[in-house]
Structures are given as structure tokens and as C-alpha cells.
Amino acid sequence: CSSRRAILYVPGDDIRKLNKALSLDADCIVMDCEDGVATNRKEEARVTIRQWLDEGRASNSTSEWSVRVNSVESDLCKEDLQTVLGGANKPPTLLLPKVESKEHIQWHMGGCQKINLIMYIESARAVVNLPDICRTAEQLSSTAPLKPAALVFGSDDLCANLGVTRSDNGTEILYARQKLVLVAKAFHLQAIDMRVQVLCFDNIPDLDGLQRQCEAGARMGYTGKQVIHPVQIPIVQQAFMPTAAIVEWAEGLIAAFQEHQKLGKGAFVYKGSMIDMPLLRQAENIIKLVSSNTKV
Ligand SMILES: CC(=O)SCCNC(=O)CCNC(=O)[C@H](O)C(C)(C)COP(=O)(O)OP(=O)(O)OC[C@H]1O[C@@H](n2cnc3c(N)ncnc32)[C@H](O)[C@@H]1OP(=O)(O)O
Ligand SMILES: O=CC(=O)O
Ligand SMILES: [Mg+2]
């Protein structure tokens with residue numbers, strides 16, 4: 001499956017921004033019913049999203065047009081699901097915020113079309129229960145029309161839940177950020193990183209800061225990031241795409257590895273480094289990442 005590098009939030013009730021998103025190149029567009037939508041606009045958001053799906057408005061877009069519903073514990077989730085999934089044209093991916101326990105994903109949906117499920121981890125309870133949540137999602141996916149696809153690190157809600165004042169690099173929530181990647185990999189889920197908290201000074205987004213945070217996330221094993229503004233999309237997409245030099249290194253390493261295997265050598269030196277099986281796996285990861293990213 002292709003990985004979602006830049007996932008862009010668009011408030012589901014904001015038709016101007018939805019139209020704008022048609023011209024953008026985000027990997028995944030999240031039509032939001034949750035925190036980007038005012039409480040008195042929730043119905044407007046779900047109805048607008050249903051209309052977009054019914055009319056196939058994004059059918060020519062190369063982005064994945066998905067929907068974030070409200071959390072199971074809000075009073076809004078059931079109605080969101082009924083409206084958003086209650087038509088012939090279903091979104092390919094559903095994002096479920098504030099998943100806290102396995103009980104939150106033990107809910108049912110009608111229909112037989114498989115829908116990707118992206119789960120938000122954004123509270124202390126969710127971080128503690130994370131393996132249990134993923135295991136339950138995996139088990140349910142054999143019978144439910146849901147296919148667990150990714151975990152999102154919801155740093156804003158996590159900070160609010162913990163009472164944390166976050167610095168730019170997020171040291172205060174590093175443990176949770178790393179735990180999410182670890183558990184995601186254990187359950188073959190994509191790990192999608194936190195959004196940058198500070199967007200701008202005088203309305204000029206801090207794109208260098210964004211780039212640095214993407215690179216740090218990529219080093220930790222994240223392969224995508226949440227964004228809220230169009231200018232952030234290309235920075236994120238590029239940061240989560242290996243450079244040509246790295247791809248060349250990986251291809252060369254794989255070829256050299258195969259040659260040395262034929263010679264009966266499991267370890268050898270390539271471009272000044274000792275290479276053995278784990279390095280081959282790293283090189284294969286890079287090639288896999290390139291082929292799973294359809295947009296450049
Ligand atoms: C923690 C979380 O859960 S994050 C998710 C919840 N938050 C959100 O969804 C916020 C999403 N982002 C936004 O709503 C906006 O970017 C804001 C409110 C922060 C700023 O909006 P604006 O003041 O309109 O920004 P700005 O003037 O720089 O926008 C430039 C252009 O990009 C468009 N744009 C801005 N953000 C978005 C977006 N998220 N999606 C699509 N288009 C957008 C604007 O409509 C404008 O286009 P236009 O001139 O053709 O109308
Ligand atoms: O939903 C995202 C978050 O950071 O909270
Ligand atoms: Mg959140």
C-alpha cells in the first residue's frame with residue numbers, strides 16, 4: 001500500500017478549503033468532522049462530506065480523500081458514521097481520533113467494502129493501552145470491514161491530556177512518540193508523526209522548523225506527518241522521500257550483497273562500512289519506501 005507522507009486536514013464544513021484541496025497534491029486529504037470543526041457546525045460538516053462523496057467531487061484527484069469522524073466517546077461519532085458511511089460512495093479510509101482502549105474499536109459498520117482504519121493515539125491512557133488497541137484492531141479486521149492501516153501521533157491532544165507545555169522539538173513527549181513507532185512497526189502499521197505546533201510568525205509558516213522536525217521523525221521511523229496548511233505539503237513529501245544519493249547507495253548495496261553471497265561472504269565492506277544482513281534490510285526498506293510513495 002502507498003504510504004501517506006503529507007496528510008492535510010480540511011475542515012469538513014469549509015467548502016472553499018475543500019475546493020482548494022482539489023488542486024493540492026497531498027497524499028491524503030482528511031475531511032474533518034472533529035477538532036477543525038466548530039461544535040455548532042458538526043451537522044454541516046458531515047452533510048457536506050456526504051455530498052462530496054455522493055457527487056464524486058474528488059474522483060479525479062490523486063490524493064486519498066478520507067474522513068476523520070468524532071471520537072467514540074463524543075456523542076457525535078455514531079451520527080458521523082451513519083452519514084459518512086451511509087451512501088454508495090464510501091471513503092477509502094476512516095480516521096478515528098482519541099482511541100483509548102480496545103473497547104473503542106469494538107464497534108461495527110455495515111457494508112462489505114474494506115475501509116482502511118487510521119487510529120489516533122493522543123492520551124496517556126491510549127499510550128498505555130497501545131499494544132492492546134493494535135492487537136484488537138488486528139483481530140477484528142478478519143471479520144469487520146476495517147483494515148488497520150496506520151497510527152497517528154496526536155501530540156496536541158496528548159499535551160493537553162498530560163498538561164505538558166511543549167517545546168519545538170517535543171522532548172517532553174519523546175517517550176510516547178517513540179513508543180508509537182515501535183508498536184506501529186510491531187503491528188505492520190504506518191506511523192504518522194505529530195504536526196508542528198507553531199505554524200507561523202506574522203502568518204509566515206516556519207518551513208525550516210517543519211523540515212527539521214520531519215527529518216527527526218523520519219530518523220525515528222515515521223513515514224508521514226500531519227499538516228494543516230498547503231505550504232507544508234511539499235516540505236513534508238520531500239522529507240519523507242529518500243534522496244537520490246541514498247537510493248543509489250541502497251541499490252549499490254543490494255547488488256554488492258548479492259555478489260558477496262555468491263562468494264560465500266555474509267559480511268563485507270561497501271563504501272567504507274561493514275555490511276551484513278541488517279544493513280541489507282535497511283537498504284531494502286529504502287527501496288520499499290520509494291516504491292510505496294507514488295507522488296514525488
Ligand atoms: C490537532 C489537529 O487536530 S489539527 C486538525 C484541525 N485543524 C485544522 O483542520 C486546521 C486546518 N487549517 C486551516 O483551517 C487553515 O490553514 C488556518 C485556519 C490555520 C489558516 O487559514 P487561512 O487564514 O485561510 O490561511 P491562508 O490565508 O494562509 O491560506 C492560503 C490559501 O490556502 C487555503 N488553505 C489554508 N488552509 C487550508 C487547508 N487546511 N486546506 C485547504 N486549503 C487551505 C486558504 O483557503 C487559502 O486559499 P484561497 O486564498 O484560495 O482561499
Ligand atoms: O489530532 C491531532 C492532535 O495532535 O491532537
Ligand atoms: Mg487530536
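This section describes the barrel, the largest pocket and two residues with positive phi in a predicted model.

The strands of the model form a closed barrel with 8 members, which follow one another in the order β1-β2-β3-β4-β5-β6-β7-β10. Pairing around the barrel is parallel. From one strand to the next, the twist averages 30°. Strands of a sheet pair through backbone hydrogen bonds, in either a parallel or an antiparallel arrangement. One pair in the barrel consists of β2, spanning residues 28-32, and β3, spanning residues 64-68; these two strands are joined in the parallel sense over 5 bridges. Within this pair, cysteine 28 is placed opposite glutamate 64 of β3. Helix α1, formed by residues 15-22, packs on the sheet and touches β1 (6-11), β2 and β3. The direction of helix α1 makes an angle of about 150° with that of β1.

The largest pocket of the model encloses about 1,200 Å³ of space. Its lining comprises 33 residues, and those lying nearest the centre of the pocket are Lys185, Gly221, Thr223, Asn285 and Leu289. By residue class, the lining of the largest pocket divides into 16 nonpolar, 11 polar and 6 charged residues. Several elements contribute at least two lining residues each: strand β6 (146-153) and the helices α7 (174-186), α8 (207-220), α9 (233-239), α10 (244-262) and α11 (277-292). Helix α11 gives the most to this lining, supplying 7 residues.

Two residues were examined for their backbone conformation. Lysine 98 is not a glycine, yet it has a positive phi of about 50°. This lysine is located in the loop that runs between β4 (93-96) and β5 (115-121). Lysine 98 has a relative accessibility of 23% and therefore counts as partly exposed, since that class lies between the limits of 20% for buried and 50% for exposed residues.

A positive phi, here of about 55°, is also found at histidine 188, again a residue other than glycine. Histidine 188 is situated in the loop between α7 and β7, the latter spanning residues 190-193. Helix α7 is also one of the elements that supply at least two residues to the lining of the largest pocket. With a relative accessible area of 71%, histidine 188 is classed as exposed, because the exposed class covers values over 50%.

Technical notes. Residues are numbered from 1 along each chain as its sequence is written. Chains are lettered from A and ligands numbered from 1 in the order in which they are written. This is a predicted model: local features need pLDDT of at least 70, side-chain atom pairs count only at pLDDT 80 or more; totals for chains, interfaces and linings use all residues. Side-chain values use heavy atoms; hydrogens and water are left out. Two strands pair if DSSP finds at least two bridges between them. Helices (H or I, at least four residues) and strands (E, at least two) are DSSP runs, numbered from the N terminus. Axes are lines fitted to C-alpha atoms, for helices over the stretch in contact, and angles run from 0 to 180 degrees between N-to-C directions. Contact means heavy atoms within 4.5 Å. On a 1 Å grid over the protein atoms alone, a cavity is a set of points where a 1.4 Å probe fits but cannot get out, and a pocket is an open set with protein on both sides within 12 Å along at least five of seven lines; lining residues have an atom within 4 Å of a point. Grid points are joined across faces, edges and corners, and a volume is the space filled by probe spheres set on the points. Ala, Val, Leu, Ile, Met, Phe, Trp, Tyr, Cys and Pro count as nonpolar, Asp, Glu, Lys and Arg as charged, and the others, Gly among them, as polar. Buried means under 20% relative accessible area, exposed over 50%, partly exposed in between (1.4 Å probe, protein chains only).
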